[in-house]
Amino acid sequence: MSMTNLQGALGILVCTFNTYASKDGDNKSLTKAEAKELLQSELGELLGKADDQAAVDCIFKAMDENQDKTVNFEEFIIMFAHLAMVLHDLVTSS
């Protein structure tokens, strides 16, 4: 079955979350260490300060909406929705 670009993008989001979340044996949520690795490896250039621990802490806190010290899949997707909106604004304002 051939997937569209958007279907492929959704699959990549799911697979990426599962890859990093499962590093501690629980693929239901990202720990702070898993989130930091994901941010640095997957979004380092886009975020710019993914190597800065204070910046990572700030991003993690913003992602962890229910403040349970983990980031579940819904919180992860909400962050990507915000990033997509920022990118859209950058592209359309040019």
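**Buried, bridged and packed: reasoning through the labels**

Mentor: Let us begin with one residue of this predicted model: leaving out residues up to four places away in sequence, Thr16 touches Leu38 and Glu42. Thr16 itself has its place in helix α1.

Trainee: Why is Thr16 called buried?

Mentor: The relative accessible area of Thr16 is 18%, and the label requires a value under 20%, so Thr16 counts as buried. The other buried residues of α1 are Gly8, Phe17, Tyr20 and Ala21.

Trainee: How do you know that the length of α1 is close to what is expected?

Mentor: Helix α1 has 17 residues and reaches 24 Å from its first C-alpha to its last. The expected span is 1.5 Å times one less than the number of residues, which for α1 gives 24 Å, and the helix is therefore close to that expectation.

Trainee: Ser22 and Ser29 come later in the chain; what makes Ser29 buried and what makes Ser22 partly exposed?

Mentor: Ser29, which lies in strand β1 (residues 29-30), has a relative accessibility of 12%, and because this is under 20% it counts as buried. Ser22, whose place is in the loop between α1 and β1, has a relative accessible area of 35%, and because that value falls between the limits of 20% and 50% Ser22 is partly exposed.

Trainee: Which residues does each of them touch, not counting those up to four places away in sequence?

Mentor: Ser29 touches Phe17, Ala21, Glu34, Thr70, Val71 and Asn72, whereas Ser22 touches Asn27 and Glu34. The side chain of Ser22 also reaches the backbone oxygen of Thr19, at 3.3 Å.

Trainee: What makes the pair of Lys23 and Glu37 a salt bridge?

Mentor: Side chains of opposite charge can pair when their charged atoms come close. For Lys23 and Glu37 the distance from N to O is 3.3 Å, and the cut-off is 4 Å, so the pair meets the condition for a salt bridge. It links distant parts of the chain, with Lys23 in the loop between α1 and β1 and Glu37 in helix α2, 14 residues apart.

Trainee: How many salt bridges does a search of the whole structure find?

Mentor: The search finds 2. Besides Lys23 and Glu37, the side chains of Asp57 and Lys32 meet in a salt bridge, also at 3.3 Å from N to O. This pair too links distant parts of the chain, for Asp57 is in helix α3 and Lys32 in helix α2, 25 residues apart.

Trainee: Are Asp57 and Lys32 buried or exposed, or what lies in between?

Mentor: Asp57 has a relative accessible area of 29% and Lys32 a relative accessibility of 37%; since partly exposed covers the range between 20% and 50%, that label applies to both Asp57 and Lys32. By the same limits, Lys23 at 49% and Glu37 at 31% count as partly exposed.

Trainee: How do you know that the buried residues of α3 are on the same side of the helix?

Mentor: The buried residues of helix α3 (residues 53-63) are Ala55, Val56, Phe60 and Met63. Around the axis they cover an arc of only 135°, which means that they sit on the same side of α3. The face turned away from that buried side carries the exposed residues Ala54, Cys58, Lys61 and Ala62.

Trainee: Which residues of the largest nonpolar core touch the most other members?

Mentor: Of its 16 residues, those are Leu30, Leu43, Val71, Phe76, Met79 and Phe80. The elements that give two or more residues to this core are α1 (5-21), α2 (32-47), α3 and α4 (73-92). Leaving aside neighbours within four places in sequence, Leu30 is in contact with several residues, among them Phe17, Tyr20, Phe60, Val71 and Phe76.

Trainee: What is the pattern of the protein, read along the sequence?

Mentor: The pattern is α-β-α-α-β-α, from a secondary structure of 4 helices and 2 strands. Of the 94 residues, 27% count as buried. Among contacts between residues at least 6 apart in sequence, 40% join residues at least 24 apart.

Terms used
Residues are numbered from 1 along each chain as its sequence is written. This is a predicted model: local features need pLDDT of at least 70, side-chain atom pairs count only at pLDDT 80 or more; totals for chains, interfaces and linings use all residues. Side-chain values use heavy atoms; hydrogens and water are left out. Buried means under 20% relative accessible area, exposed over 50%, partly exposed in between (1.4 Å probe, protein chains only). The arc is that of the directions from the helix axis to the C-beta atoms. A nonpolar core is a set of buried Ala, Val, Leu, Ile, Met, Phe, Trp, Tyr and Cys residues joined through side-chain atoms within 4.5 Å. Contact means heavy atoms within 4.5 Å. A polar contact is a pair of N or O atoms within 3.5 Å; within protein, one must be able to donate a hydrogen and the other to accept it, and residues adjacent in sequence count only if both atoms are side-chain atoms.
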